[in-house]
Amino acid sequence: QVQLVESGGGLVQPGGSVRLSCVASGSILRINSMAWYRQAPGSQRELVADITNGGNTNYADSVKGRFTISRDNAKYTAFLQMNSLKPEDTAVYYCYAHVVNRNLLPIDYWGQGTRVNVSS
């Protein structure tokens, strides 16, 4: 079993910054891709950014130039640096990881989510 635990959400003013963290633990052989998704009230969950274990990244058009995803492979951790935040960035942010466990099984895992509220 693998657990993903997010942290770093909260209330932030428009134009502000926040950094989210996601730590994976458990039966991990390696983590292939990691990603951040978000779900705003009344909306579907959408991809914000993803990163391969080689460091290749991909971003939603709405966050390009403002958000940066990174990871520390040795610590099974992913980060999302969010700058120039807008009210429309308000959502619950979920961490995702594609994990190969110690039984060599590839499994998708999700964190419980952390809320980011951009408001003055």
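# A tour of rings and charges

Begin by selecting Arg19 and Phe79: the charged end of Arg19 sits over the ring of Phe79, 4.0 Å from the ring centre, where sitting over a ring asks that NZ of Lys or CZ of Arg be within 6 Å of the ring centre and within 35 degrees of the ring normal. Before going on, note that this is a predicted model, in which local features need pLDDT of at least 70 and side-chain atom pairs count only at pLDDT 80 or more, while totals for chains, interfaces and linings use all residues. Residues are numbered from 1 along each chain as its sequence is written, and side-chain values use heavy atoms, with hydrogens and water left out.

**The aromatic stop**

How many aromatic pairs does a search of the whole structure find? The search gives three, a pair being two rings of Phe, Tyr or Trp (its six-membered ring) with centres within 6.5 Å, called stacked if the planes are under 30 degrees apart, edge-to-face if over 60, and tilted for the rest. Select Tyr37 and Tyr96, whose ring centres are 6.2 Å apart and whose planes stand at 70 degrees, so this pair is edge-to-face. Tyr37 belongs to strand β4 (residues 30-39) and Tyr96 to strand β9 (residues 91-100), so that the pair links distant parts of the chain, 59 residues apart; strands (E, at least two residues), like helices (H or I, at least four), are DSSP runs numbered from the N terminus.

Keep Tyr37 selected and add Trp110, which forms another edge-to-face pair with Tyr37, at 4.9 Å centre to centre and with 65 degrees between the planes. Here strand β4 is linked to strand β10 (residues 106-110), the two residues being 73 apart. Tyr37, Tyr96 and Trp110 together form one aromatic cluster.

Now colour these residues by relative accessible area, where buried means under 20%, exposed over 50% and partly exposed in between (1.4 Å probe, protein chains only). Tyr96 is buried at 13%, whereas Tyr37 is partly exposed at 22% and Trp110 is partly exposed at 38%. Add Arg45 to the view as well, since its charged end sits over the ring of Trp110, 4.8 Å from the ring centre.

**The salt-bridge stop**

The count of salt bridges comes to four, each being a side-chain nitrogen of Lys or Arg within 4 Å of a carboxyl oxygen of Asp or Glu. Select Arg38 and Glu46, whose side chains meet in a salt bridge of 2.7 Å, N to O; Arg38 is buried at 7%, while Glu46 is partly exposed at 35%.

Next add Asp89, which forms a salt bridge with Arg38, the closest N and O atoms being 2.9 Å apart. Arg38 lies in strand β4 and Asp89 in the loop between β8 (77-82) and β9, so this pair ties together parts that are 51 residues apart in sequence.

Which residue should be selected last? Choose Arg66, whose side chain meets that of Asp89 in a salt bridge of 2.8 Å, N to O. Arg66 is in the loop between β6 (57-59) and β7 (67-72), 23 residues from Asp89, and both Arg66 and Asp89 are buried. With Arg38, Glu46, Arg66 and Asp89 shown together, you have one network, joined by salt bridges that share partners.
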